Amino acid sequence: METIGFLGAGMVYGAYKVYNNKKEKQAKKNDPQLIFPTNDQQDDARVLKIRKRVILGRLVYAMYDRFKGKPVKEYQEWWTKVHYHLVPLESVLTTDELNLYKTELKNERENKYFGVFRRNEGSPSAEAPDWVVAIRGTHIKALADLLNDYKIVVEKLHSSNMIPLLQAVVCRLGAQHGYCNVNVTGHSLGAAAGLLVCRRLALQGCLVEGHFFNPPFATLESMARTCSHVVKHAIEAFPGKGEKLLHAGKRLGKKFLHHVVTDAAVDIERRRQALAEFKTLAEANWSPYLYVNKYDFICSKFLSHFRKAIHGSVDENQKKWYSSVRRGETESFHLFPCAHLVSIEIYQIRPISAHKLWNWMDPHVSYEFMQAKLIPWPLT
């Protein structure tokens, strides 16, 4: 029986691999310039946004294929087809920066997390940005990626050695070419890294346009609250002794959360800083583009997070701007007041397929757009 089970699982996995490879090949054929030919009368804002989304998705896919060690001609096609070329990191940073980030550069050469792209002169894709920093997501066989995924959950992604180099590159591009001419894009882990860096820069008054596919909203605190919620409803389903079980479940849930989060009474300074950052981001009106699949449990919480704006005092709506995870120094890259939310509903083989980048590569996919603001500015 065990042998049959393993064979069945292997067949399912093999079928999924074939299906996923087919979807990626289809994504590569989606040339946005051919699907939506340039025509001044037809190039409305919606078409331009779709074309830009597909272009940026291709650049992220290029980083995946480069890391996987695919032939150069294969992964170069991702960007040459949309009129970009890859720029060496060594040509972006100064000599002092190259020496300062020597260790991080070595790590980047090994893991190939991100690349810098420059739009070719004479490119017909006028809606595409001049400069793009594209960041790949997790590869399941890469231990360093899994470690970074763990850091996302405990809100310590800032301690990853890819973050200082990524921030230095984006800052250098912004200083040399203007922050308005630079876009940052990424998928999954890459979306988290890009959000973290762009959020930091926005706090400094440097606004960088970000486009992030399936950004994770899967922190330790949100997972703990979700689990306790599920346990509560499961206990409520028990007849007879359900009430006693419910009280026991609540006690266990509170005990678990006590170990996960910090008591607010001893965390006043952290809350004060978090609220100040939230208000600064609101004043700056930094609004990243978040591409979220409603069936992707890793990122779908962004939809509920932005569904209801804050009413009344901002200070009283702590969950919108503060994460009380207690595990040393943390950085909540996922909490900010404004966002352009682009959502879809695709679930061929959910939840795995819902998190795939190829969902966003179909220019004709049906989507909903919402410009979300948790608080108005200026505050009254």
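In this predicted model, Phe-114 has Ile-135 as its bridge partner in β3. A second pair in β3 follows: Val-116 is bridged to Val-133. Both pairs belong to the contact between β2 (residues 114–119) and β3, which is antiparallel and comprises 5 bridges. On its other flank, β3 is joined to β4 (residues 182–187) by 5 bridges, and here the strands run parallel. Ala-134 of β3 stands opposite Thr-185 of β4.

Strand β3 spans residues 131–135, and 5 of its 5 residues are buried, so the strand is largely enclosed by the rest of the structure. In a regular strand, side chains alternate between the two faces of the sheet. In β3, Trp-131, Val-133 and Ile-135 point one way. Val-132 and Ala-134 point the other way. Residues on both sides are buried.

The wider setting is an open sheet of 8 strands. The strand order is β1-β2-β3-β4-β5-β6-β7-β8, with mixed pairing. Strands β1 (84–87) and β8 form the edges, and each pairs on one side only. From one strand to the next, the twist averages 25°. The secondary structure of the protein chain comprises 14 helices and 8 strands.

Strand β7 (residues 338–344) repeats the theme of burial. Here 7 of the 7 residues are buried, so β7 is largely enclosed by the rest of the structure. One side carries Cys-338, His-340, Val-342 and Ile-344, all buried. The other side carries Ala-339, Leu-341 and Ser-343, also buried. Strand β6 (residues 289–293) runs parallel to β7 and is joined to it by 5 bridges. Within this pairing, Tyr-289 has His-340 of β7 as its bridge partner. Strand β8 (residues 368–373) runs antiparallel to β7, with 6 bridges between them. Ala-339 stands opposite Ala-372 in β8.

Two helices were examined against the sheet. Helix α3 lies across β1, β2, β3, β4, β5 (209–213), β6 and β8. Helix α3 runs at about 135° to β2. Helix α10 lies across β3, β4, β5 and β6, and its angle to β4 is about 145°.

Nonpolar packing was considered next. The largest nonpolar core has 62 residues. The residues with the most contacts inside this core are Phe-114, Val-116, Val-133, Val-169, Leu-290, Phe-306 and Phe-336. Helix α10 (residues 189–203) supplies the largest share of this core, 10 residues. Apart from this core lies another, of 30 residues, with Val-60, Tyr-64, Tyr-75 and Ala-134 among them. The surroundings of Val-116 were also listed, leaving aside neighbours within four places in sequence. Val-116 is in contact with His-85, Leu-86, Val-87, Leu-89 and Val-92, among others. Its contacts also include Trp-131, Val-132, Val-133, Val-169 and Leu-173.

A polar residue is buried as well. Asp-65 lies in helix α3 (residues 45–68). Its relative accessibility is 3%, so Asp-65 counts as buried, the cut-off being under 20%. Residues up to four places away in sequence aside, Asp-65 touches Lys-28, Lys-70, Tyr-75 and Trp-78. Tyr-75 and Trp-78 belong to helix α4 (residues 72–80), where both are buried, as is Trp-79. These three residues cover an arc of only 90° around the axis, so they lie on the same side of α4.

Values for the whole chain complete the description. Of the 380 residues of the protein chain, 49% count as buried. Contacts between residues at least 6 apart in sequence were classed by separation, and 79% of them join residues at least 24 apart. The protein chain exposes about 19,300 Å², of which carbon and sulfur atoms supply 57%.

Note on methods. Residues are numbered from 1 along each chain as its sequence is written. This is a predicted model: local features need pLDDT of at least 70, side-chain atom pairs count only at pLDDT 80 or more; totals for chains, interfaces and linings use all residues. Side-chain values use heavy atoms; hydrogens and water are left out. Buried means under 20% relative accessible area, exposed over 50%, partly exposed in between (1.4 Å probe, protein chains only). Helices (H or I, at least four residues) and strands (E, at least two) are DSSP runs, numbered from the N terminus. Two strands pair if DSSP finds at least two bridges between them. Contact means heavy atoms within 4.5 Å. The arc is that of the directions from the helix axis to the C-beta atoms. A nonpolar core is a set of buried Ala, Val, Leu, Ile, Met, Phe, Trp, Tyr and Cys residues joined through side-chain atoms within 4.5 Å. Accessible areas come from the Shrake-Rupley method with a 1.4 Å probe; for residues, only the protein chains shown count as cover. Axes are lines fitted to C-alpha atoms, for helices over the stretch in contact, and angles run from 0 to 180 degrees between N-to-C directions.
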